[in-house]
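Colleague: Could you take me through the inside of this model? I would like a close look at one part, the largest nonpolar core.

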Amino acid sequence: MKLITGDRRGSRKYKRVATGGTFDILHRGHVSLLEKSLEFGDEVVIGVTSDEFARKMGKNPVHSYEERVKKLEDLLRRRFPGRRYIIAKLFDYFGPGIASPEVQALVASEETAPRLELANKLRRERGFPPLDLVVVGTQMADDAKPISSTRIRNGEIDEEGRVLKQPRGRKGI
């Protein structure tokens, strides 16, 4: 784990929140997740999936874990200077959010929010208080479909969700 310290403290709802993802090709959805995490937490634990765990989940990241963490740190320094965060390598869905009683809330996408129930079950077994949940809405591209690293990799959209190519279809009727 890497702890990054900053100056701003004490003005948010939680002392420590957790969030996570693969963070392969950083896009507007990732920024939204990080913004919400930093809005609610004085300090944010950011889980980044290991290459091995990403493959187990059926994902094939373009960038290695180390490259993804470096790009994430660059984004955090540029967009959120002075904020406190910890980056932790994820070998499963939960990581430090479960293992640390100091984490008070989970910031998650609509897609991953249902995992909170299992996370809180695991925390109860360890004698930890339950996590609150902060849900971040799905960021949509200009074509009203979700922004994703896969769509960016496929050349459909850019990191902001702008459509880059239109599907080929029949012309005229």
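Modeller: Here is that core, followed by two residues worth a visit.

The model is predicted, so local features need pLDDT of at least 70 and side-chain atom pairs count only at pLDDT 80 or more, while totals for chains, interfaces and linings use all residues. Residues are numbered from 1 along each chain as its sequence is written, and side-chain values use heavy atoms, with hydrogens and water left out.

Start with the core itself. A nonpolar core is a set of buried Ala, Val, Leu, Ile, Met, Phe, Trp, Tyr and Cys residues joined through side-chain atoms within 4.5 Å. Buried means under 20% relative accessible area, exposed over 50%, and partly exposed in between (1.4 Å probe, protein chains only). The largest such core has 23 residues. Phe 23, Leu 34, Ile 46, Val 48, Leu 72, Leu 76 and Ile 87 have the most contacts inside it.

Which elements each supply at least two residues of this core? There are two helices, H1 (28–40) and H3 (65–79). There are also five strands: E2 (14–21), E3 (41–49), E4 (84–90), E5 (105–109) and E6 (132–136). Helices (H or I, at least four residues) and strands (E, at least two) are DSSP runs, numbered from the N terminus. Helix H3 gives the most to the core, with five residues. In soluble globular proteins, nonpolar side chains tend to be buried together.

Now zoom in on Phe 23. Contact means heavy atoms within 4.5 Å. Leaving aside neighbours within four places in sequence, Phe 23 is in contact with Leu 33, Ile 46, Val 48 and Leu 72. His 30, Gly 47 and Arg 68 are in contact with Phe 23 as well. Apart from this core lies another, of eleven residues, including Phe 94, Val 103, Ala 108 and Ala 119.

Next, follow strand E3 to Thr 49. Thr 49 counts as buried because its relative accessibility is 4%. Its side chain makes a polar contact with the side chain of Thr 22, at 3.3 Å. A polar contact is a pair of N or O atoms within 3.5 Å; within protein, one must be able to donate a hydrogen and the other to accept it, and residues adjacent in sequence count only if both atoms are side-chain atoms. Not counting residues up to four places away in sequence, Thr 49 touches Gly 21, Thr 22, Ala 54, Met 57, Tyr 65, Arg 68 and Leu 90.

Finish with Pro 146, in the loop between E6 and H6. Pro 146 counts as partly exposed because its relative accessibility is 41%.
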